[in-house]
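Thanks, everyone. I'll keep this short. Please look at the screen.

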Amino acid sequence: MKNNYQVVPQTATTKKPAKAEIKEAEFRRRLKSISEWRKKRLARLRTTDSR
């Protein structure tokens, strides 16, 4: 019986990409939009759970 899993060796040469430069105002705007999305999502989940 053959083993279906293959071992893939990790290479030491892989590097993380550089972080993207982002302005403080853009960061705050994205954070606010994420916060608003979470509030809407949680409200929607609460209404479906209460039914």
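Where does Ile22 lie relative to helix 1? Ile22 sits in the segment before helix 1. Keep that in mind; we will come back to it.

One caution before the details. This is a predicted model.

Now the overall picture. The protein chain has 1 helix and 0 strands. The chain has 51 residues, and 0% of them count as buried. Its accessible surface is about 6200 Å². Carbon and sulfur atoms account for 55% of that surface.

On to charges. Side chains of opposite charge can pair when their charged atoms come close. How many salt bridges does a search of the whole structure find? The answer is 3. Let me take them in turn.

Start with Glu24 and Arg28. Their side chains form a salt bridge, at 2.9 Å from N to O. Why do these two fit together along the chain? Helix 1 covers residues 24–50, and the two are 4 residues apart in it, so about one helical turn separates them. Arg28 has 47% relative accessibility, so it counts as partly exposed.

Next, Glu26. The side chain of Glu26 meets that of Arg29 in a salt bridge, 2.7 Å from N to O. Here the spacing is 3 residues in helix 1, so again the partners are about one helical turn apart.

Glu26 also has a salt bridge to Arg30, at 3.0 Å from N to O. Those two are 4 residues apart in helix 1, which means a separation of about one helical turn.

Put those pairs together. Glu26, Arg29 and Arg30 are linked in a network of salt bridges. How accessible are the members? Glu26 is at 25% relative accessibility, so it counts as partly exposed. The cut-off for buried is under 20%. Arg30 is partly exposed too, with a relative accessible area of 45%.

Now the nonpolar side. Which residues make the nonpolar surface patch? They are Ile22, Phe27 and Leu31. The patch comes to about 250 Å².

That brings us back to Ile22. This patch member lies in the segment before helix 1. At 40% relative accessibility, Ile22 counts as partly exposed.

To recap. The chain has 1 helix. Salt bridges link Glu26, Arg29 and Arg30 in a network, and Glu24 pairs with Arg28. Ile22, Phe27 and Leu31 make a nonpolar patch on the surface. That's it from me.

Notes:
Residues numbered from 1 in each chain as written. Predicted model: local features only at pLDDT ≥ 70, side-chain atom pairs only at ≥ 80, totals over all residues. Heavy atoms only, no water. Buried < 20%, exposed > 50% of the residue type's maximum accessible area, 1.4 Å probe, protein only. Areas by Shrake-Rupley, 256 points an atom, 1.4 Å probe, with all protein chains shown as cover. Salt bridge = Lys/Arg side-chain N within 4 Å of Asp/Glu carboxyl O. Patch = residues over 30% accessible without salt bridge, like charges linked within 9 Å, V, L, I, M, F, W, Y side chains within 5 Å.
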